[in-house]
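Colleague: Please take a close look at the interior for me, and go slowly, explaining each term when it first comes up, since I am still learning to read a model.

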Amino acid sequence: MPQLSTSLTLADRLGACKARWGINRMSYLVPAGLYAVGTPDAQAPVVVTANYKMSFDLVRQALAGRNVWLLVLETFGINVWCAAGKGTFGTGELVRRVGATALSEVVSHRRLILPILGAPGVSAHQVKRRCGFEVAYAAIRAKDLPEYLDNGGRTTQAMRELSFNWYERLVLVPVELVLVLKPSLPVAVFLYLTAWLVAGSGAAATLVAGYLGAVFTGVAAAPVLLPLLPSRSFAVKGGVAGLVYTLIFRMAAGGESWSLPVTLAAFLAFAAVTSFYTLNFTGCTTYTSKSGVKKEMRLGLPVMGVALLAALFLVTAARIL
């Protein structure tokens with residue numbers, strides 16, 4: 001049985017840092033299977049996690065000094081929460097992995113300890129029926145595993161409470177920035193060339209700067225300031241952040257000389273861009289549900305589209321008139 005170290009190496013920490021920036025993110029995984037932490041015996045608890053290496057590392061680090069079996073599911077390098085939503089951290093894979101590792105022959109008990117965020121993908125009664133193992137949900141955070149194991153497998157209220165503070169939001173920003181580079185750069189080039197042909201290089205540079213700033217506001221500033229922005233809707237939060245950003249950008253870019261149609265177009269377009277990328281951040285937080293995100297997209301995306309079309313109409317009308 002593979003034996004795990006509970007100490008993270010420099011290579012582990014560098015790999016996590018690279019994954020935060022989207023470098024080799026989709027290949028940052030470990031083989032699925034059964035691992036030994038310490039020297040577990042037949043009575044040792046079985047903890048289940050995903051094969052996304054950052055999740056895997058957090059769990060094994062939390063289990064330092066203990067004798068535990070670690071059952072790693074094949075989630076294709078996706079973390080527990082997202083994999084549960086996709087179905088890869090699910091009933092079928094859990095049952096398959098129990099069988100593939102012959103877990104029933106390794107341990108004498110029939111109890112699996114899962115993270116709470118994996119619950120949406122796992123049907124406990126189906127697992128019990130199909131492989132004979134009971135499912136227990138321990139905690140949201142890996143760091144609470146020691147306390148859970150020490151208090152006889154009892155989940156406290158604190159272990160059930162999900163935080164999403166400014167730091168936890170901030171660490172998600174780098175990979176989001178990398179992900180938006182590919183679609184944003186071609187758009188920026190197109191906007192520059194179009195504006196340069198119509199209004200000259202100065203207007204083109206201003207437009208591109210405003211656009212990239214709106215993208216950054218939606219990807220980085222709005223998520224960090226999330227609790228301070230009004231409304232429960234991410235689209236509305238992004239729209240408000242976009243309006244504030246546009247006001248600041250207009251003052252910094254000498255927008256006092258802009259015509260009324262151009263000013264209105266800037267507020268509409270930049271707010272729509274910021275709103276779109278803030279809405280996209282819903283995929284990074286467990287505070288949203290799949291049905292809620294779909295509903296918000298149905299309502300928000302058409303409004304963003306109309307705002308962009310209205311901005312284009314205003315700018316065109318300003319040039320013609």
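Modeller: In the largest nonpolar core, which has 27 residues, the members that touch the most others are Leu71, Phe89, Leu94, Leu103 and Leu112. A nonpolar core is a set of buried Ala, Val, Leu, Ile, Met, Phe, Trp, Tyr and Cys residues joined through side-chain atoms within 4.5 Å, where buried means under 20% relative accessible area, exposed over 50% and partly exposed in between, with a 1.4 Å probe and protein chains only. This is a predicted model, in which local features need pLDDT of at least 70 and side-chain atom pairs count only at pLDDT 80 or more, while totals for chains, interfaces and linings use all residues. Residues are numbered from 1 along each chain as its sequence is written, and side-chain values use heavy atoms, with hydrogens and water left out.

Returning to the core of 27 residues around Leu71 and Leu112, two or more residues come from each of the strands S2 (33-37), S3 (46-50), S4 and S5 (111-114), and also from each of the helices H3 (80-86), H4 and H6 (124-131). These helices (H or I, at least four residues) and strands (E, at least two) are DSSP runs, numbered from the N terminus. Another core, of 20 residues, lies apart from this one, and it includes Val30, Ala62, Ile113 and Ala136. In soluble globular proteins, nonpolar side chains tend to be buried together.

Leucine 112 is a good residue to follow in the display. Setting aside its neighbours within four places in sequence, leucine 112 is in contact (heavy atoms within 4.5 Å) with Val46, Val48, Leu94, Val98, Leu103, Val127, Phe133, Glu134, Val135 and Ala136. Two of these partners, Leu94 and Leu103, are named with leucine 112 among the core members that touch the most others, whereas Ala136 belongs to the other core.

Threonine 101 offers a second route to the core, through Leu71. The residue sits in the loop between helix H4 (91-100) and helix H5 (103-106), and it counts as buried because its relative accessible area is 16%. With neighbours within four places in sequence left aside, the contacts of threonine 101 are Gly33, Leu34, Leu71 and Val106.

Charged side chains are found in buried places too, and helix H2 shows this well. Eight of the ten residues of H2 are buried, so this helix is largely enclosed by the rest of the structure; the buried ones are Lys53, Met54, Ser55, Phe56, Asp57, Val59, Arg60 and Ala62. Ala62 is also one of the members of the core of 20 residues.

There are nine salt bridges in the structure, each being a side-chain nitrogen of Lys or Arg within 4 Å of a carboxyl oxygen of Asp or Glu. In one of them aspartate 12 meets lysine 53, with 2.7 Å from N to O. Because aspartate 12 belongs to helix H1 (residues 10-20) and lysine 53 to helix H2 (residues 53-62), this pair ties together parts that are 41 residues apart in sequence. Both aspartate 12 and lysine 53 are buried.

Within H2 itself, aspartate 57 forms a salt bridge with arginine 60, and their closest N and O atoms are 2.8 Å apart. The two residues are three places apart in this helix, which is about one turn. An α-helix has 3.6 residues a turn, so residues three or four places apart point the same way. Aspartate 57 is buried at 4% relative accessible area, and arginine 60 is likewise counted as buried, at 6%. Taken together, Asp12, Lys53, Asp57 and Arg60 are linked in a network of salt bridges.

A salt bridge beyond H2 makes a useful comparison, namely the one in which the side chains of arginine 66 and aspartate 150 meet at 2.9 Å, N to O. Arginine 66 lies in the loop between H2 and strand S4 (68-73) and aspartate 150 in helix H7 (residues 145-150), so that the pair links distant parts of the chain, 84 residues apart. Aspartate 150 counts as exposed, at 56% relative accessibility, whereas aspartate 57 is buried.

For a last stop further along the chain, look at threonine 263, which has its place in helix H13 (residues 260-280) and is buried, with a relative accessible area of 11%. Apart from neighbours within four places in sequence, threonine 263 is in contact with Arg250 and Trp258.
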